[in-house]
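Biologist: Before the terms in a structural description are accepted, I should like to hear what each of them rests on. Would you show me the model and then justify the terms in turn?

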Amino acid sequence: MTTDMPPILQIDNLYKSFDNATILKGVSLRLHQGEIKVLIGPSGSGKSTLLQCINCLTYPDEGEILLDGRVVDRTSKISLCRLRQEVGMIFQDFNLFDHLTALNNITIPLRKVKKIGRREAEKRARLELEQVGLADKTELYPAQLSGGQKQRVAMARALAMDPKALLLDEPTSALDPELIGEVIAVIKNLAARGMTMLMATHQISLIATLANEILFMEQGSIVEQGHPSVLLAPGSNSKSQGFCDRLNELSDGKR
Ligand SMILES: Nc1ncnc2c1ncn2[C@@H]1O[C@H](COP(=O)(O)OP(=O)(O)OP(=O)(O)O)[C@@H](O)[C@H]1O
C-alpha cells in the first residue's frame with residue numbers, strides 16, 4: 001500500500017439533507033489503493049446515502065470528492081463519466097437490465113461507456129462471468145437467475161469496466177441466507193486480488209476478516225474508526241464491537 005500516492009478517493013466534509021433532515025454531517029474519508037474499508041452502523045445512519053454521494057448518484061449539498069487527487073466536477077459530464085468508469089458500484093438489489101441476457105448486461109454498458117467494439121466487449125464479458133463462476137449462464141436473463149447469480153452478474157459488470165475501486169452497498173442483504181456465501185466468496189476473491197473497496201455490510205465475516213478499517217456511522221457522522229483487531233478485540237467496549245455482538249445474537253437467534 002503506497003501512502004505517498006494520492007488516495008484513489010478522498011471525501012472531504014460531505015453534507016447531505018433530504019426534506020430538511022441532515023443525513024450526512026461533514027463526512028470525510030480516504031481510500032488508498034488496495035484498502036478495504038467497511039461501513040457499519042445502525043439502520044438510517046447514512047451509509048447508503050454516503051456511498052451514493054461518493055458516486056454522485058445523489059449530489060451532496062456541500063463537500064468535495066477527489067478521484068486520484070482531482071476534484072470531481074459535478075457539473076461536468078466528462079468528470080462524472082470518469083468517476084462512474086473508475087469507481088464501480090454494487091447495489092443491494094443488483095440493478096440489472098431485465099430485458100438483457102447476463103452477457104448483454106455487461107457488453108452493452110461496456111460498448112456504450114468504454115466505446116469498445118462488440119467482439120472485444122463480449123470477450124471481456126465472458127471472462128468476467130467466468131471469474132465469478134457463471135461461464136455457463138451467459139445467455140440467461142435475470143429472471144432465470146438466482147439472487148446470488150444476479151449479484152455475481154452485477155459484480156462482473158462492474159469489474160468489466162476495470163474500475164480502480166468498488167463501492168458496495170449491502171451486497172448480500174437482498175439474498176436468501178443460502179445464497180450469501182457465493183457472493184461473499186467473490187468479494188473475498190476480489191480482496192485477494194487487491195481490489196480497493198468501500199463497503200457497507202452487516203456480514204460479520206466481511207467486517208472482521210476483510211476490513212483494513214471499520215468506519216462506524218451514527219446519525220450521519222463517522223464516530224469511530226479503526227482496525228477490526230482493535231475495535232473488535234474482546235473487552236474493547238467499542239460501538240463496533242457492540243454492533244457486531246448484536247449481529248451475532250441475531251444470526252444465532254435464526255439458527
Ligand atoms: N431520497 C431520499 N429522500 C428522503 N430521505 C432519504 C432519501 N434517501 C435516504 N433518506 C433518509 O436518509 C436516512 C439515511 O438513509 P440511508 O439509507 O443512507 O441509511 P443506511 O445507514 O444506509 O441504512 P440501512 O442500514 O437501513 O440501509 C434515512 O432516514 C432515510 O429515510
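Modeller: The discussion below concerns a predicted model, and it takes up confidence, the ligand shell and the strand pairing.

Biologist: What makes the chain a confident prediction, and where is confidence lowest and highest?

Modeller: On a scale of pLDDT from 0 to 100, the mean of the chain is 93, and 97% of its residues reach 70 or more. Confidence is lowest in helix α9 (residues 239-254), with a mean of 84, and highest in strand β9 (residues 213-218), at 98. For the complex, the predictor gives an ipTM of 0.96 and a pTM of 0.93.

Biologist: Which residues surround the ligand, and why are they counted as near?

Modeller: A residue is counted because its C-beta atom, placed from the backbone, lies within 6 Å of the molecule. The ligand is surrounded by F18, D19, I23, S43, G44, S45, G46, K47, S48 and T49. Helix α1 (residues 47-54) gives the most to this shell, with 3 residues.

Biologist: How is the shell divided by residue class?

Modeller: The shell holds 2 nonpolar, 6 polar and 2 charged residues. Glycine counts as polar and Asp and Lys as charged under the scheme used, so G44 and G46 fall in the polar class, while D19 and K47 are charged.

Biologist: Why are strands β1 and β2 called a pair?

Modeller: A pair requires at least two bridges; strand β1 (residues 9-18) and strand β2 (residues 21-31) are joined by 8 bridges and run antiparallel, so they qualify. The bridge partner of Q10 in β2 is R30. The hairpin of β1 and β2 has 2 residues between the strands, and D19 takes a positive phi near 50 degrees there. D19 also belongs to the shell around the ligand.

Biologist: How do you know that β9 pairs with β3 and with β10?

Modeller: The same threshold of at least two bridges applies. Strand β3 (residues 36-40) runs parallel to β9 and is joined to it by 4 bridges, whereas β9 and strand β10 (residues 221-226) pair in the antiparallel sense over 5 bridges; therefore both pairings meet the criterion. I40 has F216 of β9 as its bridge partner, and M217 stands opposite I222 in β10. β9 and β10 form a hairpin with 2 residues between them, where Q219 in the turn has a positive phi of about 45 degrees.

Biologist: What does UniProt list for residues 9-244?

Modeller: An unreviewed UniProt entry lists these residues as "domain: ABC transporter". In the model, the span is 39% helix and 25% strand, and its end C-alpha atoms lie 27 Å apart.

Conventions: Residues numbered from 1 in each chain as written. Predicted model: local features only at pLDDT ≥ 70, side-chain atom pairs only at ≥ 80, totals over all residues. UniProt positions renumbered as here; feature names shortened; annotations may be inferred.
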